[in-house]
Amino acid sequence: MPELPEVEVVRRGLARWVLGRTIDDVDILDVRSIRRHGLGAEDFAGNLVGARVLDVVRRGKFLWMPLAPPAEAGGTATSGGTSGVAPVALMAHLGMSGQLLVKDAGLPEEKHLRVRLTLSAVDDPDAGPLPQELRFVDQRIFGGLFVTSMVSTTDGHPGGLGESPLPLIPVEASHIARDPLDPAFSFDDFFAKLRRRRTGIKRALLDQGLVSGIGNIYADEALWAAKVHYARPTDVMRRADALRLIDACRDVMLRALDAGGTSFDSLYVNVNGSSGYFERSLNAYGREGEPCTRCAADPLFDSLSLIRREMFMNRSSFSCPRCQPKPRNGRW
Ligand SMILES: [Zn+2]
């Protein structure tokens, strides 16, 4: 699964190429990639043809494009463009191998091309004619596209991180908490909820209802950076420790984003999936048996500071025994 920084790179790339453009045509090459659109292919296309992309928004790993409905007939459920129409969004679920590619029309089709959207022609004063196709490519078909309705956010803030402040969110994403990169993320809300849970901190970080977008890799990296053991109980967690941890989450994701963002620019098209070009500099994750980089700088460094790997929630957890010690007698 792509991690949050990968999805954010896709979001930025999409925003750059598709914002404000109208969808002129929809070509569904494989209906399995729109199976989450319950009303079928015709309804899917009817909602999109003539619609304009208002924004590209992300919350956690959810990615969507709010749409202005077709001005004239075309869609079934949402056509008309009147103010009484429920707002809709095109959701992009990347799954394991989903990619969104912006390409010039006429370029050879990818082997696993599933859906093609043709966008209105735009001649950019700087970049020239913009690529006209948004292609959804998905080798393993775990991902997909669907059109869904949006509801108001409970806190009145924008639905997620985007370019324009629209206080709406697709119903499918409305149950998940904001992620640490969201300008409307509230640490106080997070901390209050955290203290009410009786669980370990890593389990809490992976709980999308508490804070979204933190996967196994970034949880381990943030716990290492904040020097917190993954089993530390949340109900007695100190505010300063929780704050340090959320800052660390934000930090490691922004650093990954910087690296990924650079490679994206040079790629021209928007590529994503199980991306290998995210140069992650990891301190804990995947480094079993290697010296902890922080302890290695310490003159008192000894062999106790080799990264350990333990199974937790059926996944590997990596940590430093010395800077992230286990609880003794249940006390921290
Ligand atoms: Zn260490």
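Let's start right after helix H5. The residue to look at is Lys-227, which follows H5 and has a positive phi, near 55°. Keep in mind that this is a predicted model. Most residues other than glycine have a negative phi. Lys-227 goes the other way: its phi is positive, and it is not a glycine. Where does Lys-227 sit? In the loop between H5 and helix H6, residues 239-267. Lys-227 is partly exposed, because its relative accessible area is 44%.

Now step back into H5 itself. H5 covers residues 216-225, and nine of its 10 residues are buried, so the helix is largely enclosed by the rest of the structure. Which ones are buried? Asn-216, Ile-217, Tyr-218, Ala-219, Asp-220, Glu-221, Ala-222, Leu-223 and Trp-224. Notice that Asp-220 and Glu-221 are in that list.

Let me give you the whole chain quickly. It has seven helices and 14 strands. There are 332 residues, and 52% of them count as buried. The accessible surface comes to about 15200 Å². Carbon and sulfur atoms hold 52% of that surface. What about contacts along the chain? Take those with a separation of 6 or more: 67% of them join residues 24 or more positions apart.

Next, helix H2, residues 40-48. Its buried residues are Asp-43, Phe-44, Ala-45, Gly-46, Asn-47 and Leu-48. What do they pack against? Strands: S1 at 23-28, S4 at 62-68, S5 at 88-93, S7 at 113-119 and S11 at 144-152. Just past H2 comes Gly-50, with a positive phi of about 95°.

Stay in that region and look at Asp-30. Asp-30 lies in the loop between S1 and H2. Is Asp-30 buried or exposed? Its relative accessibility is 11%, so Asp-30 counts as buried. Its side chain makes a polar contact of 2.8 Å with the side chain of Arg-32. Setting aside residues up to four places away in sequence, Asp-30 touches Arg-114 and Ile-141.

S7 came up in the packing of H2. Look at this strand more closely. Six of the seven residues of S7 are buried, so to speak a mostly covered strand. S7 has partners, too. S1 and S7 run antiparallel, joined by five bridges. One of the pairs is Ile-23 with Leu-119 in S7. S7 also runs antiparallel to strand S10, residues 133-138, again with five bridges. There, Leu-117 stands opposite Leu-134 in S10.

Now the hairpin. Strand S13 spans residues 308-312. S13 and S14 pair in the antiparallel sense, over five bridges. Phe-312 stands opposite Arg-315 in S14. The two strands form a hairpin with two residues between them. One residue in that turn is Met-313, with a positive phi of about 50°. Like our opening residue, Met-313 is not a glycine. How exposed is Met-313? Partly exposed, because its relative accessible area is 33%.

S13 also has two faces. In a regular strand the side chains alternate between the two faces of the sheet. In S13, the covered face holds Arg-308, Glu-310 and Phe-312. The uncovered face holds Arg-309 and Met-311. Follow the numbers on the structure and you can see the two faces take turns.

Last stop, the zinc ion. Which protein atoms are its donors? The SG atoms of Cys-292, Cys-295, Cys-320 and Cys-323, at 2.1 to 2.3 Å from the zinc ion. Why call the arrangement tetrahedral? The angles between the four donor atoms run from 98 to 118°, and that makes the arrangement tetrahedral. Along the chain, the donors follow the spacing C-x2-C-x24-C-x2-C. Cys-295 lies in helix H7, residues 293-296, while Cys-323 is in the segment after strand S14, residues 315-319, so this pair ties together parts that are 28 residues apart in sequence. Both of these cysteines are covered. Cys-295 counts as buried because its relative accessibility is 6%. Cys-323 is buried as well, with a relative accessible area of 11%.

One thing to take back to the structure. Find Lys-227 after H5, then Met-313 in the hairpin turn, and look at the positive phi of each.

Methods. Residues numbered from 1 in each chain as written. Predicted model: local features only at pLDDT ≥ 70, side-chain atom pairs only at ≥ 80, totals over all residues. Heavy atoms only, no water. Helix = DSSP H or I, 4+ residues; strand = E, 2+ residues; numbered from the N terminus. Buried < 20%, exposed > 50% of the residue type's maximum accessible area, 1.4 Å probe, protein only. Contact = heavy atoms within 4.5 Å. Areas by Shrake-Rupley, 256 points an atom, 1.4 Å probe, with all protein chains shown as cover. Polar contact = N/O pair within 3.5 Å; in protein donor to acceptor, adjacent residues only side chain to side chain. Donors = N, O, S within 2.8 Å, 3.2 Å for Na, K, Ca; no water. Tetrahedral: all angles 85-135°; square planar, octahedral: opposite > 155°, others 65-115°. Pairing = 2+ DSSP bridges.
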